[in-house]
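Please follow the structure below through its buried interior, its aromatic rings and its pocket.

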Amino acid sequence: MSRLASGVVLVTAREASLDPDDAQAPDGEDVGMTATAFMSVSLDPPLVMVSLRDGSRMDDLLLEQPLWGVSVLTESQRHIAGRFAMKGRISDRLLFEDIPYSRGGISGAPLVGGALATLECRTEQRVTAGDHTLVIGHVLTARVPSAEGRPLAYFRGRYRQLG
């Protein structure tokens, strides 16, 4: 499967506060994950799918939080893809610290500034597939914030630039 080229996206969601009744508790946390197994499923209704490793933080979060965001990354955003794909990484709060983003109006998820496209989604279905979960989301909003740039691709285990 490493011979199949794919686009690279950042999937994001806002984790709710662990203790919403405590005014001193943190407001919640932004969570992000680089994904290369992402695709359009249907135009009517607009559906997309992302594959998440079972038991990953994003898989656990999207089991509880039905609203999430997707940012289609440009080749100049390779550092963002690498940052959110690291194993044993630092907290997501620190990973978002110097990345320009806006917050989705529906999902509250961070949407990366300068991305080729951004989506806000609501989980419609979860399908177990081996050691992954296929999360199918209904697209609630779709924007093209940047007409410039070329897509970041992933091929043979590395991020690539097209032609």
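In this predicted model, Ser71 touches Val8, Val9, Leu10, Pro110, Leu111, Val112, Ala115, Ala117 and Thr118, when residues up to four places away in sequence are not counted. Ser71 belongs to strand E6. Its relative accessible area is 0%, so Ser71 is classed as buried, the limit being under 20%.

Two of the residues that Ser71 touches, Val8 and Ala115, lead on to the nonpolar interior. They are included, together with Ala81 and Ile99, in a second, separate core of 13 residues.

The largest nonpolar core has 18 residues, and those touching the most other members are Val11, Val50, Leu52, Met58, Leu62 and Trp68. Several elements each give two or more residues to this core. Among them are the strands E2 (9–16), E3 (28–35), E5 (46–53) and E6 (67–72), as well as helix H1 (57–64). Strands E9 (117–129) and E10 (132–143) also contribute in this way. The surroundings of Leu52 can be followed one residue at a time. Neighbours within four places in sequence aside, Leu52 is in contact with Met33, Met58, Asp59, Leu62, Asp131, His132, Thr133 and Val135. Of these contacts, Met58 and Leu62 are also named among the core members that touch the most others.

The aromatic residues offer another view of the model. A pair of aromatic rings is described by the distance of the centres and the angle of the planes. The count of aromatic pairs comes to three. In one of them, Phe96 and Tyr101 meet edge-to-face, with 5.7 Å centre to centre and 70 degrees between the planes. The angle is over 60 degrees, and therefore the pair is classed as edge-to-face. Phe96 is buried, with a relative accessible area of 4%, whereas Tyr101 is partly exposed, at 33%. Ring pairs also bring in Phe84, so that Phe84, Phe96 and Tyr101 are linked into a cluster.

Finally, the largest pocket has a volume of about 920 Å³. Which residues lie closest to its centre? Of the 30 lining residues, they are Met33, Thr34, Ala35, Thr36 and His132. Met33 and His132 are also contacts of Leu52. Strand E3 provides the largest share of the lining, five residues. At least two lining residues each come from E3, E5, H1, helix H2 (78–85) and strand E11 (152–155). By class, the lining comprises 15 nonpolar, nine polar and six charged residues.

Key: Residues are numbered from 1 along each chain as its sequence is written. This is a predicted model: local features need pLDDT of at least 70, side-chain atom pairs count only at pLDDT 80 or more; totals for chains, interfaces and linings use all residues. Side-chain values use heavy atoms; hydrogens and water are left out. A nonpolar core is a set of buried Ala, Val, Leu, Ile, Met, Phe, Trp, Tyr and Cys residues joined through side-chain atoms within 4.5 Å. Buried means under 20% relative accessible area, exposed over 50%, partly exposed in between (1.4 Å probe, protein chains only). Helices (H or I, at least four residues) and strands (E, at least two) are DSSP runs, numbered from the N terminus. Contact means heavy atoms within 4.5 Å. Rings of Phe, Tyr and Trp (its six-membered ring) pair if their centres lie within 6.5 Å; planes under 30 degrees apart count as stacked, over 60 as edge-to-face and the rest as tilted. On a 1 Å grid over the protein atoms alone, a cavity is a set of points where a 1.4 Å probe fits but cannot get out, and a pocket is an open set with protein on both sides within 12 Å along at least five of seven lines; lining residues have an atom within 4 Å of a point. Grid points are joined across faces, edges and corners, and a volume is the space filled by probe spheres set on the points. Ala, Val, Leu, Ile, Met, Phe, Trp, Tyr, Cys and Pro count as nonpolar, Asp, Glu, Lys and Arg as charged, and the others, Gly among them, as polar.
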